[in-house]
Amino acid sequence: MFTLSEECMTEQEIIEKTNKVFEESFEIEKDKLVPTAHIFTDLGLDSLDIVDLVVALQNSFGVKIRNEERVRDIRTLQDIYQFIFTIKKEEIDKKS
Amino acid sequence: MSFKRVVITGMGVVSPFGNGVSVLMQGIEQGRSAVQRMEDWDRYIGLQSLVGAPAEVKDEKRIPRQKRRSMGRMSIFAAQAAEEALVDAGITLAQEDRWRIGCIIGSTMGSAKSINDAFEIILPNKDLGQLNSTMFFQCMSHTAAVNVAQYLGLNGSIMAPAAACASALHAIGIGYDLIRLGRQDVLLCGGAEELHPTVTGSFDILFATSAKYNATPQDTPRPFDKDRDGLVCGEGSGILVLEEYEHARKRNAVIHAEVLGFNTTANGFHVSQSNKESMVACMKQAMNDAGVNPGDIDYINAHATATIQGDQEEAEAIRDIFGTSVPVSSLKGYIGHTLGASGAIELAASLTMMKQNVIYPTKNLKTVSPDCEGIQHVLQPISKKISTVLKNGFAFGGINAALVCKKF
């Protein structure tokens, strides 16, 4: 369990917000949203969906990741949780 | 060179009465109006006409998300109408030569709501980063044709004539040509359009909309009537399956009608005003293409949208060719003007009337306007054997289209 103290955002909150994006934007059933789920092969997203995923994550977490190279490395839901955590942490570190 | 024969083997409609040709016909038969006062439209400054004939988006989740995400309202309507038409035709795509089946579906423009939404997103902060990946596919002019093709998995010719209110007839005319030239076997042809205050607004600023009946919406539009005051926008989609005759015969298809002729002309003098002379030429050339005379036409389904000038010009054009010999009615009083979809929705209704040997009247036509006299207006349902129909469609831009179909 990790926690971003300044933002009061726990790992659980990141998971819940991310999963909500998948449920609402991509109409994926809750029970398929496990950390190991591959976003292309298991959840059925394609290249157009990744554009929408980026916009939805930006809006959900208040981050700017449209030109972020690391988005290309994302394969699983766990990758997204970790990526968001890292981005948020970098933002906090930058502020301090 | 001999042309191939082209027949219509399938019909599908999403109209302000609901989904399906039978639902459309039920509404017309019962003499109902789908026109209503539009909620919240009074927040648009300067919009005089607050009435419309909306269709309902329903069962859209039956379209898989990755097919649906690029669809605005009009493409959902088109996909559902196309699906009904294909089922009606009894065509199983997997059994066909896939390179010879396509679709020609026209509209005035892309999804009006999506275009509006896109600018709402972009303009406040000049920020393109908030646009989703499929907004462009909803906004582009060939959105309905492309989305139907993607949804059904079509591989043949895909085209999207944009000719405003003549779009659907243009689509059918182009499809007719492609099949009679032997280039395609089957084409899903028609149009789609959606209702939005900005669409009504485009007519409203030209004083072409109905604005006097906001409190009694079902009394408008009133094609050919002395109290008509303009058009009422509607929405939906009409798709017809055009098929090469031998192809249809080999699979024992039920044939609704044969397409005998088509023509389109332009008035060449004014971007918004209708013009009798070019309408006359259009109808005459369509009949010439069909190899029929005015005396062969049993019913004319008029474009008549209830604008002051448009109805007058069309009535005069019909009078010049047919006098009072042929029954004429307009269906706009039931479902409003479905614009780019109107030619196909109204053709589907006309072909159904032809099958049933009945002609439904022009709803809201109580007293024929003096400037629309001299033609045989249909004021009550008529039982009549119909073999050949003429369908008119006229559009902003000075475009006219006319199609002749015969019972098979």
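**Burial, salt bridges and the A–B interface**

Mentor: Lys332(B) and Glu346(B) are both buried. Their side chains meet in a salt bridge, with 3.0 Å from N to O.

Trainee: On what basis is the model to be read, and how are its parts numbered?

Mentor: The model is predicted: local features need pLDDT of at least 70, side-chain atom pairs count only at pLDDT 80 or more, and totals for chains, interfaces and linings use all residues. Residues are numbered from 1 along each chain as its sequence is written, chains are lettered from A and ligands numbered from 1 in the order in which they are written, and side-chain values use heavy atoms, with hydrogens and water left out.

Trainee: What makes the pair Lys332(B) and Glu346(B) a salt bridge?

Mentor: The rule asks for a side-chain nitrogen of Lys or Arg within 4 Å of a carboxyl oxygen of Asp or Glu. Lys332(B) and Glu346(B) meet at 3.0 Å, N to O, so the pair qualifies. Lys332(B) lies in helix α12 (residues 332-335) and Glu346(B) in helix α13 (residues 342-356) of chain B, so the pair ties together parts that are 14 residues apart in sequence. Helices here are DSSP runs of H or I with at least four residues, and strands are runs of E with at least two, numbered from the N terminus.

Trainee: Is Glu243(B) buried or exposed, and how is Arg251(B) classed?

Mentor: Buried means under 20% relative accessible area, exposed over 50%, and partly exposed in between, with a 1.4 Å probe and protein chains only. Glu243(B) has 0% relative accessibility and is therefore buried. Arg251(B), with a relative accessible area of 22%, is partly exposed. These residues form a salt bridge, their closest N and O atoms being 2.7 Å apart.

Trainee: Which salt bridge joins Glu27(A) to chain B, and how are its partners classed?

Mentor: Glu27(A) pairs with Arg68(B) at 2.7 Å, N to O. This pair crosses between chains, from the loop between α1 (11-26) and α2 (47-61) of chain A to helix α2 of chain B. At 33% relative accessibility Glu27(A) is partly exposed, whereas Arg68(B), at 11%, counts as buried.

Trainee: How many salt bridges does the rule find between chain B and chain A?

Mentor: The rule finds four across this interface, and 26 over all chains. In one of them, Asp49(A) pairs with Arg65(B), the closest N and O atoms being 2.9 Å apart. Asp46(A), Asp49(A), Arg65(B) and Arg69(B) are linked in a network of salt bridges.

Trainee: How do you know which residues belong to the interface, and what area is buried there?

Mentor: Contact means heavy atoms within 4.5 Å. By that criterion, twelve residues of chain B are in contact with 14 residues of chain A. Buried area is the accessible area (1.4 Å probe) that two parts lose on being put together, summed over both. For chains B and A the value is about 990 Å², of which carbon and sulfur atoms give 36%. In chain B, Arg65(B), Arg69(B) and Ser133(B) lose the most area to chain A, together 48% of what that side buries.

Trainee: What makes Glu258(B) and Arg5(B) a polar contact?

Mentor: A polar contact is a pair of N or O atoms within 3.5 Å; within protein, one must be able to donate a hydrogen and the other to accept it, and residues adjacent in sequence count only if both atoms are side-chain atoms. The side chains of Glu258(B) and Arg5(B) are joined at 2.9 Å, so the distance criterion is met. Glu258(B) lies in strand β9 (residues 257-266) of chain B and is buried at 10% relative accessible area. Beyond its neighbours within four places in sequence, the contacts of Glu258(B) include Val6(B), Val404(B) and Phe408(B).

Trainee: Why is Pro327(B) called buried?

Mentor: Pro327(B) counts as buried because its relative accessibility is 2%. Pro327(B) is placed in strand β11 of chain B. Leaving aside neighbours within four places in sequence, Pro327(B) is in contact with residues including Tyr299(B), Ile359(B) and Val378(B).

Trainee: How does the span of helix α11(B) compare with the expected value?

Mentor: The expected span is 1.5 Å times one less than the number of residues. Helix α11 (residues 308-322) of chain B has 15 residues and reaches 21 Å from first to last C-alpha, close to the 21 Å expected. Its buried residues, among them Ile318(B) and Phe322(B), pack against α10 (276-290), β10 (299-301), β11 (327-329) and β15 (388-395) of chain B. Just after α11(B), Gly323(B) takes a positive phi of about 60°.
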